[in-house]
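Student: Please take a close look at one part of this model and then set it in the context of the rest. Give the cut-offs behind each term when you use it.

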Amino acid sequence: MLRSPVKGLLITFVLMMIGFLVLGKFPNIDLMVSSWFYDGSWLGRERVLWMIRNIYIESSRIIPLVFLVLLIVACLKESYVPRRVYGFFVALSLIAPIGIVNEILKEYWGRARPKDVTQFDGDKVFTPVQIFPVDQCDHNCSFVSGEGAGCFTLLLMALTMFGGSLLRNAVICVAILPMGFLRIVAGGHFLSDVIGSFLVVAFCFYALLIIMKMKPSDLRVGFASFWADIKGLAGIRS
């Protein structure tokens with residue numbers, strides 16, 4: 001996690017440009033990675049993996065709602081976690097996964113999902129990661145991954161609020177990151193869709209820090225404070 005939001009924003013933008021150039025120049029990377037999980041059916045559609053995927057996606061929906069409730073409560077009475085921390089992550093959830101990813105990119109960029117392209121027995125044309133819209137999908141399309149964006153938003157929440165030591169950060173990454181990549185295994189997204197979603201969220205994260213005049217360290221509150229607010233919300237006394 002970069003301490004300077006401006007530096008983080010610039011580096012994220014550069015990574016976006018590099019990603020477009022590399023994956024645009026070598027589109028077979030997307031097809032190759034997806035082919036690892038397809039043999040006439042998608043590995044990620046197996047019952048256990050699909051159940052794990054559903055747990056992840058419900059978590060990415062419920063946790064921002066919890067933050068919204070905690071923000072409202074923090075505006076009404078004293079809380080252990082500063083209300084601007086809750087406000088920051090509510091805003092990030094609305095802007096990145098919901099606004100930019102789901103309402104704009106997935107609705108208007110028109111990239112067919114892996115399960116729908118001819119290389120995997122579908123009837124749509126595969127298009128490399130693209131800067132401009134195409135016409136292979138009308139609604140809820142592949143570029144970029146909504147679940148990947150939800151995953152990375154949760155990851156940033158956990159890392160900035162509760163992270164710190166290398167071990168703790170590693171545990172958080174191992175627990176959350178698989179959510180983004182399970183959609184590749186299920187044929188729902190290409191590798192570039194997932195990487196793209198991570199970069200969109202990172203860009204919004206640093207941009208929002210600049211707008212709200214905050215630093216990543218301002219979001220470090222510790223699990224004890226967060227848990228105290230959760231217990232207060234549930235009416236549990238210590």
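**A loop residue and its surroundings**

Tutor: N140 sits in the loop between α4 and α5. Helices here are DSSP runs of H or I with at least four residues, strands are runs of E with at least two, and both are numbered from the N terminus. This is a predicted model, in which local features need pLDDT of at least 70, side-chain atom pairs count only at pLDDT 80 or more, and totals for chains, interfaces and linings use all residues. Residues are numbered from 1 along each chain as its sequence is written, and side-chain values use heavy atoms, with hydrogens and water left out.

Start with the backbone. N140 is not a glycine, yet its phi is positive, at about 50 degrees. In general, most residues other than glycine have a negative phi, and most peptide bonds are trans. K213 is another non-glycine with a positive phi, of about 55 degrees; this residue is in the loop between α8 and α9. With a relative accessible area of 34%, N140 is partly exposed, whereas K213, at 74%, is exposed. The classes are buried under 20% relative accessible area, exposed over 50% and partly exposed in between, computed with a 1.4 Å probe on protein chains only.

Next, the neighbours. Not counting residues up to four places away in sequence, N140 touches K106, E107 and R113, where contact means heavy atoms within 4.5 Å. With K106 there is also a polar contact, side chain to side chain, at 3.4 Å. That term covers a pair of N or O atoms within 3.5 Å; within protein, one must be able to donate a hydrogen and the other to accept it, and residues adjacent in sequence count only if both atoms are side-chain atoms. As for E46, it is 94 residues from N140 in sequence and 22 Å away in space, C-alpha to C-alpha.

The residue that follows N140 in number, C141, takes part in a disulfide with C137, with the sulfurs 2.1 Å apart. A search of the whole structure finds one such link, defined as a pair of cysteine sulfur atoms within 2.5 Å. The C137 to C141 link is left-handed, with -95 degrees about the S-S bond. C141 has a relative accessible area of 0% and is therefore buried. Other cysteines are too far from a partner: the closest cysteine sulfur to that of C173 is in C151, 9.3 Å away, so no bond forms there. For C204 the closest is again in C151, at 15 Å, also too far for a bond. C173 is partly exposed at 24%, while C204 counts as buried at 9%.

Further along the chain, a cis peptide bond joins F143 and V144, with omega about -10 degrees. V144 lies in the loop between α4 and α5. S145 then caps the N-terminal end of α5, with a side-chain oxygen 3.5 Å from the backbone nitrogen of E147. In α5, 17 of its 17 residues are buried. Its end C-alpha atoms are 24 Å apart, which agrees with the 24 Å that its 17 residues should span at 1.5 Å a residue; the expected span is 1.5 Å times one less than the number of residues. After α5 comes G164, whose phi is positive, near 155 degrees.

Now the packing. In the largest nonpolar core, of 57 residues, F88, F89, F205 and F226 touch the most other members. Such a core is a set of buried Ala, Val, Leu, Ile, Met, Phe, Trp, Tyr and Cys residues joined through side-chain atoms within 4.5 Å. The helices that each supply at least two of its residues include α4 (83-108) and α5 (146-162). α8 gives the largest share, 13 residues. Leaving aside neighbours within four places in sequence, F88 is in contact with F205, L208, L209, M212, M214 and L219. A separate second core of eight residues includes Y38, W42, F126 and F190.

Finally, the whole. The protein has nine helices and zero strands. Its radius of gyration is 19 Å, close to the 18 Å from the globule rule for 238 residues, so it is as compact as a globular protein of that length. That radius is taken over C-alpha atoms, and the rule is 2.2 Å times the number of residues to the power 0.38. The C-alpha atoms fill a box of roughly 55 × 40 × 35 Å along the principal axes. Of the 238 residues, 47% count as buried.
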